[in-house]
Amino acid sequence: MQETPRGMRLHIGLFGRRNVGKSSLLNALVGQEVSIVSEIPGTTTDVVTKPMELKPLGPVLFLDTAGVDDSGVLGLKRLEKSLAAFERTDLVFLVSDGAWDEYEKHIADNCREHGIPVIAVMNKIDAWQPAEAFLNIVRAQVPEVVFVSAVQKSGLDELRQAVVRNAPKDFLDNPALVSDLIGPGDQVVLVVPIDLEAPKGRLILPQVQVIREVLDADACALVVKERELGDLMGKLKAKPTLVITDSQVMLKVNANLPVDVKMTSFSVLFARWKGDLETFVQGVHALDALPENAKILVLEACSHHPIGDDIGRVKIPRWLRQYTGKKLEFIFAAGHDFPADLSPYHLILHCGACMTNRREVLGRIMAARKQKIPITNYGLVIAKSQGMLERILSPFAAFA
Ligand code: SF4
């Protein structure tokens, strides 16, 4: 995580007076002790940077600006120096523990001028109750207000959701799909079954996007059907760096590959690209604890017309009933439909999400986390139900 280039991280500027609890807010958000306060609080104007992993959003860089105690000329003068951090800030947390006057207004005005989204974080909410009149003033300047207690760890999911709502689109949509797993000159084998479900005369979007990214990485993409894989492997002079398969033929692919060749699936790449692989991997283990008659919510991110042995409607339900040996009820939601109340469900199963953006999937992940319902995706349940989970996660450092 620490190796993610800074330019790829969402830069979050932390603004707030001294002692509003910015450090404890960071500690609570990332779940680890970090030290970001200046050594001489309130007297330095340095911006302290701290790269972190903000789950489930991914890598971020917090820019902790110096707080000020006064809102007079001196305070604003110090603030001006901190505002230089705006040049590299994608999103601002404006933290308050009850005060809101010229200092906060100045920051909010600057955010607006720079076109930087800002979230007003009302911290220490366990210790004070904001009056309606106070909130009206805040909301007139910063419409997005989140109530947090870093001490009691409340409101943190709401803050993460606000980040997803407000972060610039590029940061949520463009993590690496496959390019971080390969390098120039590498051979990448893509296994693409051409069956009844395959659209006539073309490849599907995830396959095309992976091929494009392999080419962008100056690597070589070799595309075969599963039947030709063994033949191809026999002809290659060197083992491929990576094999990416359609989930439905992963067992056949596994049988044709030496154990030391790294292998994953398109669906797992998309679990990471469009959502959060770690959350989905945690969620897939809920399969082992499903009760009899468990309800599984299947989220299809588009309203495609299911044909034949549709993967989400027919095959996965069949495989999961076989794997668990339980009666399972599958409830389907398509497109942007997403129930607000997830409590009836024991597991949420997301499709590869090729037709939607990461922001929408992350919103769903966070809603599931908040309601403590496990969430995973198609590729991971297929891999787990076929005993392939370990192998298809082997290319990813976090699981290797
Ligand atoms: S958005 Fe989901 S359901 Fe629609 S084609 Fe892509 S993976 Fe399948």
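Let's start with one pairing: Val 243 has Met 263, in β10, as its bridge partner. This is a predicted model, so keep that in mind throughout. The strand on the other side of that pairing is β9, residues 242–245. It runs parallel to β10, and three bridges link the two.

Now the sheet around them. It is open, with four strands in the order β8-β7-β9-β10, and the pairing is parallel. Who sits at the edges? β8, residues 220–224, and β10, residues 263–265. Each has a single partner strand, so one side of each has no neighbour in the sheet. From one strand to the next, the twist averages 25°.

Two helices on this sheet deserve a look. Helix α7, residues 205–216, packs on it and touches β7 (187–191), β8 and β9. The direction of α7 makes about 175° with that of β7. Helix α10, residues 266–274, also packs on the sheet, touching β9 and β10. Here the angle is about 70°, taken between the directions of α10 and β10.

Stay with α10 and turn to the core. The largest nonpolar core holds 101 residues. Which element gives it the largest share? Helix α10, with six residues. Which residues have the most contacts inside this core? They are Phe 93, Leu 94, Val 121, Val 188, Leu 269, Leu 349 and Val 381. As a general point, nonpolar side chains tend to be buried together in soluble globular proteins.

Take Val 121 from that list. Leave aside its neighbours within four places in sequence. Val 121 is then in contact with Leu 25, Phe 93, Leu 94, Val 95, Val 146, Val 148 and Leu 159.

Next, helix α11, residues 277–284. Six of its eight residues are buried, so α11 is largely enclosed by the rest of the structure. The buried ones are Leu 277, Thr 279, Phe 280, Val 281, Gly 283 and Val 284. What do they pack against? Helix α10 again, plus α13 (358–370), β14 (375–377), α14 (378–385) and α15 (389–393).

Now a different pairing. Strand β2, residues 48–54, and strand β3, residues 58–64, are antiparallel, with seven bridges between them. A hairpin of three residues joins β2 to β3. Within this pair, Thr 49 has Leu 63 of β3 as its bridge partner.

Leu 63 leads us to Ala 85. The two are 22 residues apart along the chain, and their C-alpha atoms are separated by 7.4 Å. Where is Ala 85? In the loop between α2 (73–82) and β4 (91–96). Is Ala 85 buried or exposed? Buried: 21 other C-beta atoms lie within 10 Å, and the cut-off is 20 or more. Again setting aside neighbours within four places, Ala 85 is in contact with Gly 13, Val 47, Leu 63 and Thr 65.

On to the ligand. The residues around it are Glu 300, Ala 301, Cys 302, His 304, Cys 351, Gly 352, Ala 353, Cys 354 and Met 355. How does that shell divide? Six are nonpolar, two polar and one charged.

Last, the whole chain. It has 15 helices and 14 strands. Of its 400 residues, 40% are buried. Consider contacts with a separation of 6 or more. Residues 24 or more positions apart account for 77% of them.

Methods: Residues numbered from 1 in each chain as written. Predicted model: local features only at pLDDT ≥ 70, side-chain atom pairs only at ≥ 80, totals over all residues. Near = placed C-beta within 6 Å. Nonpolar A, V, L, I, M, F, W, Y, C, P; charged D, E, K, R; others polar. Pairing = 2+ DSSP bridges. Axes fitted to C-alpha atoms, helices over the stretch in contact; angles between N-to-C directions. Contact = placed C-beta atoms within 7 Å. Core = buried A, V, L, I, M, F, W, Y, C linked by C-beta atoms within 7 Å. Buried ≥ 20, exposed ≤ 12 C-beta atoms within 10 Å, placed from the backbone.
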